[in-house]
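Colleague: Could you take a close look at one part of this model for me, a loop with its backbone, and then walk me outward from there?

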Amino acid sequence: MTHTLKALSKAILLATCSLSASVAVAESNKPEQLYPPITSEVLPELAAKGSYNVGVQTLGLVNPAQFDPATQGQKDRPLKVEVWYPAANTAKAALTSYTDETRSGKEFTLQADAMRDVAINSKEHYPVIVLSHGYTGYRTIMYYLGEHLASHGYIVVAIDHTDSTNADVDFKNAPFSGFFSTLINRSRDQQFVINYFNEQNNFASKQVDNKSAGVIGYSMGGYGAVNTIGGCYAFNEQTTAMFTGMKDPAQIKQVQQLLNSCAGGQYQNPKVDPRIKAMVAFAPWGGQHAIFDAKAMANIKVPSLYIAGNLDDISGYEGIKNLYNQTGSEDKYMLTYKNARHNIAPHPAPAIAQSSSELDIGHYYEPSWSMRTLNEINKHFVLAMMDCHVKGIASECKYLDLPQNGDQAVVDGKPLPQWHGFDNRFSTGMDWQQAKPHVK
């Protein structure tokens, strides 16, 4: 081989290696896709994407002069929110991504099915739905619900609850550092966001249906959501001391009075926001400790859906059932995932969590269920709830009228029908309760 050919071969080899390395780096920097395509034949009917493409924006809001547990004084409360909405038909942009971190601080980036900062679709008006994470969490931990509802004509606002996010709390060394703030602020944050998007000037102002809204909460987000619709808190001295760590009796008494608010921070003659037409609580915390006033719970009128695992060892399944039973709404439902624990609402674990410790993957993992399956079923029932009660689409209410068991037991040699909206053989592992008798 001549010197020239040898040089050329070496150059080609180096170029190939460089290209391969560049491709490998590019691949490693790509956002993770947690929801690869799957045939609709195994999914519940309302898990299908809606007719709208989805836009998303990140906004920084400020709730002025709120009580600050750290200083025991008044302080402006910043809230970062992710807003999903129906995109304008003319919107054309690359799909964006979401970057967050695990409980141990490991960063990850997930592929979105939404376009960043595009114009909102101006042809309709859309109800605002608040999406509230647990302790700890982050605003995109249920992004699949945000995107899904937006594709069906909702404006969904997910909150980074200050003092309660993965980024705010050192979960390994100081796991309860933000819990006092969470107890006080969760319902207040939810109501503030509903007020802001319905009453303040913002990019979606002209498209908001300001007569209807909804609230969805997971774990401590569910604790807040139940309060937002009228389930007033009833902390006693023991639970106040237990969950704040305080020991001085006078201070405990003072904080107890502060905690026992209702419907977004009200104290005297609280009134539930009449715009709120539906509430969904995933694994809501507090029922196991009798945190909610029974009389107030009985007076709740807002249609409510509770979703729980019957092995929940964080919020306690019996406590969640008690909340459902105490809720006074004529339109109330409870979906139980059999053999599930507490992690029934988050998106599937990112790769960095899967290779980490239980501290990280334990935030997402369910021992007996696929997270993808849970997410798809959640999409179905949450959309049914919002369409039926927030938008008032009567034909969608049939998805909430079900027999108790979805296992299709064999009777007289034939399996019972599957739940409405589910394909044959795919409504198993769940139980359903509803206030009104099932119409066969």
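Modeller: Happy to! Let's start with glutamine 72, which sits in the loop between S1 and strand S2 (73-86). Keep in mind as we go that this is a predicted model. The phi of glutamine 72 is near 60 degrees, a positive value in a residue other than glycine. How covered is that residue? Its relative accessible area is 41%, and because buried means under 20% and exposed over 50%, glutamine 72 counts as partly exposed.

Asparagine 339 can be read in a similar way. You will find asparagine 339 in the loop between strand S10 (332-337) and helix H9 (351-354). Its phi is near 70 degrees, again positive in a residue that is not glycine. With 44% relative accessibility, asparagine 339 is partly exposed.

A positive phi also turns up at a glycine: glycine 153, which follows H2, has a phi near 95 degrees. H2 itself is mostly covered, with nine of its nine residues buried. Among them are Tyr143, Tyr144, Glu147 and His148, along with Gly146 and Ser151.

On the other side of H2 in the chain is a further backbone feature to check. The loop between strand S5 (126-132) and helix H2 (143-151) holds threonine 136. The peptide bond leading from tyrosine 135 to threonine 136 is cis, and its omega is near -10 degrees.

Back to S1, this time for the loop that comes before it. Isoleucine 38 lies between helix H1 (3-29) and strand S1 (54-68), and its relative accessibility of 38% makes it partly exposed. Together with Val42 and Phe426, Ile38 makes a nonpolar surface patch of about 210 Å².

For a contrast with H2, turn to helix H6 (residues 249-259). Here Ile252, Val255, Gln256 and Leu259 are buried. Seen down the axis of H6, these buried residues fall within an arc of 110 degrees, so they line one face of the helix. On the other side of H6, Ala250, Gln254 and Gln257 are exposed. And what do the buried residues of H6 pack against? Their partners are helix H3 (179-199) and helix H5 (237-244).

So, if you are scrolling through the backbone, glutamine 72 and asparagine 339 are the positive-phi residues other than glycine to look up, and the cis bond is found between tyrosine 135 and threonine 136.

Key:
Residues numbered from 1 in each chain as written. Predicted model: local features only at pLDDT ≥ 70, side-chain atom pairs only at ≥ 80, totals over all residues. Heavy atoms only, no water. Buried < 20%, exposed > 50% of the residue type's maximum accessible area, 1.4 Å probe, protein only. Helix = DSSP H or I, 4+ residues; strand = E, 2+ residues; numbered from the N terminus. Arc of directions from axis to C-beta. Contact = heavy atoms within 4.5 Å. Patch = residues over 30% accessible without salt bridge, like charges linked within 9 Å, V, L, I, M, F, W, Y side chains within 5 Å. Areas by Shrake-Rupley, 256 points an atom, 1.4 Å probe, with all protein chains shown as cover. Salt bridge = Lys/Arg side-chain N within 4 Å of Asp/Glu carboxyl O.
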